[in-house]
Amino acid sequence: MQNSNQFDSSISNSGDTTFTMPSRRERLRVLMRLKSQRQLMLAAIAGLAVLAAGLTAALALQPEERSSVSLGKSSVSVEAMRPAALADDMVEEAPAASAQRELGGGEASFYGQELAGNPTASGERFDPNKLTAAHRTLPLGSRLRVTNPANGESVVVRVNDRGPYHGNRAIDLSYAAARQIGLISSGVGQVRMALLLD
């Protein structure tokens, strides 16, 4: 009869294959390796978070502030790095002779990178680099001329989403549209709106 206090670290399954339990030292070595890999992974995640915060801060700069980004001893023009398709999309203008109906004024704000890729009320994905807007009641697809009376700048946007649902704001613009009329630094501002009837 076998002693019940005796521990045999080898278990025989089929006569010729034997499983041997790793020693305590080997188990500790594996645990230490896993711990160091975990620390490396956490450091990489922290580095990515810092990089994302830096990119977000760079995107929040006014266009004239980031037209030339310094990279050590040289500087690179952001305009030179922008794809041609993106540059063309941001210069959409309504025909000069198009009929329009004044809608009055109201407070406008903008939404940007934090919602990029989310579905809009029209079903398309939100792209902060396109000239779009959210309005509570205008038909989706409507085109509006939005003017900032503080500086006279205007932009034509397409309504592709519903909102804003915060306070008494009249319209939420995409980041690109807000940048064109100078609303980025203040975050909100009074605008005049006109519905394009072409």
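Is Tyr111 buried or exposed? Keep that question in mind as we walk through this structure, which is a predicted model. Tyr111 has a relative accessibility of 8%, and since anything under 20% is called buried, Tyr111 counts as buried. We will come back to its ring partner after a look at the strands.

A good place to start is strand 8, which covers residues 154–161. Six of its eight residues are buried, so the strand is largely enclosed by the rest of the structure. Two neighbours pair with this strand. Strand 6, made of residues 132–134, pairs with strand 8 in the parallel sense, over three bridges. If you would like to find this pairing on screen, look for Ala134, whose bridge partner in strand 8 is Asp161. The other neighbour is strand 7, residues 143–147, which runs antiparallel to strand 8 and is joined to it by five bridges. Here Leu144 is a handy marker, as it stands opposite Val157 in strand 8. Strands 7 and 8 form a hairpin, with six residues between them. In the turn of that hairpin sits Gly152, with a positive phi of about 80 degrees.

Now step back to the loop between strand 6 and strand 7, where His135 is found. At 12% relative accessibility, His135 counts as buried. What does the side chain of His135 reach? It comes to the backbone nitrogen of Leu138, at 3.2 Å. Thr137 has its place in the loop between strand 6 and strand 7 too, but with 63% relative accessibility Thr137 counts as exposed. From Thr137 you can also look across to Gly163: these residues are 26 apart in sequence, and their C-alpha atoms are 8.5 Å apart in space.

Next come the aromatic rings. A pair of rings is described by the distance of the centres and the angle of the planes. How many aromatic pairs does the model hold? The count comes to two. One of them joins Phe110 and Tyr175 in an edge-to-face arrangement, with 5.9 Å from centre to centre and 70 degrees between the planes. This pair links distant parts of the chain, for Phe110 belongs to strand 5 (residues 100–111) and Tyr175 to helix 4 (residues 175–180), 65 residues apart. The two partners can be told apart by their accessibility: Phe110 is partly exposed, with a relative accessible area of 23%, whereas Tyr175 counts as buried at 9%.

The other pair brings us back to the opening residue. Tyr111 and Phe126 are stacked, 4.6 Å centre to centre, with 20 degrees between the planes. Tyr111 lies in strand 5 and Phe126 in the loop between strand 5 and strand 6, so the pair ties together parts that are 15 residues apart in sequence. Phe126 is buried, at a relative accessible area of 4%, and Tyr111, as we saw, is buried as well.

Let us finish on the surface. Which residues form a nonpolar patch there? They are Leu28, Val30, Leu31 and Leu34, and together they have about 360 Å² of accessible area. Leu28 lies in helix 1, which spans residues 24–59. With a relative accessibility of 42%, Leu28 counts as partly exposed.

Terms used: Residues numbered from 1 in each chain as written. Heavy atoms only, no water. Buried < 20%, exposed > 50% of the residue type's maximum accessible area, 1.4 Å probe, protein only. Helix = DSSP H or I, 4+ residues; strand = E, 2+ residues; numbered from the N terminus. Pairing = 2+ DSSP bridges. Patch = residues over 30% accessible without salt bridge, like charges linked within 9 Å, V, L, I, M, F, W, Y side chains within 5 Å. Areas by Shrake-Rupley, 256 points an atom, 1.4 Å probe, with all protein chains shown as cover. Salt bridge = Lys/Arg side-chain N within 4 Å of Asp/Glu carboxyl O. Phe/Tyr/Trp six-rings, centres within 6.5 Å; stacked < 30°, edge-to-face > 60°. Polar contact = N/O pair within 3.5 Å; in protein donor to acceptor, adjacent residues only side chain to side chain.
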